[in-house]
Amino acid sequence: MNSRAATVPGHERPGTVRQVVGVLRILLAVLVLAAIVTQITDQLLNDAFDPAGYFGYFTIQSSLMNVVVLSVGGVLALRLAAEPELLARVRMSTLSYAVITGVVYNLLLRGLPADGSFVGISWPNEVLHVWAPALIVLDWLLAPGRPALAWKRIWFALVYPLAWLAYALLRGTFTDWWTYPFLNPGEPGGWPSVLIYIVIIAVTIIAISAAAIGLSRIGRRDSVAVAVDPA
């Protein structure tokens, strides 16, 4: 029974590098969670915490996803030599969310003038919008044990952003509270500007996902994803 398990791909013992990656993933998950907890605590202490508003942000939701994905990926990296295809698919998706979060924040939102609302501690923003995305990209580029993903998995990364976008637009329409300024049709440019931003962000997510899938397939003619999960 043990000898049979030893021959199944992914059940071999992980190497030292993969185990180190596992530890680093768990540490990064703790750092991201600490940044979120710090923000919430800071806002609570200053009577500025709005749960519906705070947890409605794409950054916060995708960061919480990364806490879970990094933790699971870290534990499995300590136990298995190869990563399950489903985890690689989810990591590809959350990678694209982390990158788009960093790009949008640093190009469109950083440095915007204060609107008179509470301004909190700065380091959690840097963790969520700069350091975490950069380290998640490095993880995808350098960590061993990742399977080759099938190209059809590229659309998997769009499921959550489309659902979040529908929520954000419906909420803004009925409450006039817009998660991000570029989604507000009341800003200069109106709905055409909003639609342009949506298309650009969607195309960017697809491009990031395609790059991640392409990197997973470099030098590998046979897709592990197809062999393991033909669905």
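# Notebook: rings, helices and a buried arginine

I began with Arg-146, whose charged end sits over the ring of Trp-140, 4.7 Å from its centre. I note at the outset that the model is predicted. I then looked up Arg-89 and found its charged end over the ring of Phe-156, 5.2 Å from the ring centre.

**Overall fold**

I next read the secondary structure. The protein chain has nine helices and zero strands, and along the sequence I recorded the pattern α-α-α-α-α-α-α-α-α. I looked up burial for the chain: of its 231 residues, 42% are buried. I also checked the range of the contacts. Among those between residues at least 6 apart in sequence, 80% join residues at least 24 apart.

**Aromatic pairs**

I counted the ring pairs and obtained 12 aromatic pairs in the structure. I took one of them for closer inspection: Trp-164 and Tyr-180 form a tilted pair, with 5.9 Å from centre to centre and 50 degrees between the planes. I asked what parts of the chain this pair ties together. Trp-164 lies in helix H7 (residues 159–175) and Tyr-180 in the loop between H7 and helix H8 (190–217), so the pair ties together parts that are 16 residues apart in sequence.

Are the two partners buried or exposed? I found Trp-164 at 7% relative accessibility, and it therefore counts as buried. Tyr-180, at 9% relative accessibility, counts as buried as well.

I then followed the ring pairs outward from Trp-164 and Tyr-180. They belong to a cluster in which ring pairs link these two residues with Tyr-57, Phe-58, Tyr-97, Tyr-160, Trp-177, Phe-182 and Tyr-197.

**Helices H4 and H5**

Two members of that cluster, Phe-58 and Tyr-97, also appear among the residues where H4 meets H5, and I turned to this contact. The axes of helix H4 (residues 58–79) and helix H5 (residues 85–109) come within 10 Å and cross at roughly 140 degrees. I recorded the crossing of H4 past H5 as left-handed.

I listed the residues on both sides. From H4 the contact draws on Phe-58, Thr-59, Ser-62, Met-65, Asn-66, Val-69, Val-72, Gly-73 and Leu-76. From H5 it draws on Leu-87, Val-90, Arg-91, Thr-94, Tyr-97, Ala-98, Ile-100 and Thr-101. Sorted by character, the residues of this contact divide into 10 nonpolar, six polar and one charged.

**Arg-25**

I looked up Arg-25, which I located in helix H2 (residues 16–45). Its relative accessibility is 3%, and since buried means under 20%, Arg-25 counts as buried. I listed what Arg-25 touches, leaving out residues up to four places away in sequence: Arg-18, Leu-70, Gly-73, Gly-74, Ala-77, Glu-83, Arg-91, Asp-139 and Ala-143. Gly-73 and Arg-91 in this list are also entries in the contact of H4 with H5.

**Positive phi angles**

Finally, I looked up two aspartates with positive phi. Phi of Asp-47 is near 55 degrees, a positive value in a residue other than glycine. I placed Asp-47 in the loop between H2 and helix H3 (51–54), and with a relative accessible area of 76% it is exposed.

Asp-176 has a positive phi of about 60 degrees, although it is not a glycine. I found Asp-176 in the loop between H7 and H8, the loop that also holds Tyr-180. Asp-176 has a relative accessible area of 60% and is exposed, whereas Tyr-180 counts as buried.

Methods: Residues are numbered from 1 along each chain as its sequence is written. This is a predicted model: local features need pLDDT of at least 70, side-chain atom pairs count only at pLDDT 80 or more; totals for chains, interfaces and linings use all residues. Side-chain values use heavy atoms; hydrogens and water are left out. Rings of Phe, Tyr and Trp (its six-membered ring) pair if their centres lie within 6.5 Å; planes under 30 degrees apart count as stacked, over 60 as edge-to-face and the rest as tilted. Helices (H or I, at least four residues) and strands (E, at least two) are DSSP runs, numbered from the N terminus. Buried means under 20% relative accessible area, exposed over 50%, partly exposed in between (1.4 Å probe, protein chains only). A charge sits over a ring if NZ of Lys or CZ of Arg is within 6 Å of the ring centre and within 35 degrees of the ring normal. Axes are lines fitted to C-alpha atoms, for helices over the stretch in contact, and angles run from 0 to 180 degrees between N-to-C directions. A crossing is left-handed if the near helix is turned anticlockwise from the far one by less than a right angle, and right-handed if clockwise. Contact means heavy atoms within 4.5 Å. Ala, Val, Leu, Ile, Met, Phe, Trp, Tyr, Cys and Pro count as nonpolar, Asp, Glu, Lys and Arg as charged, and the others, Gly among them, as polar.
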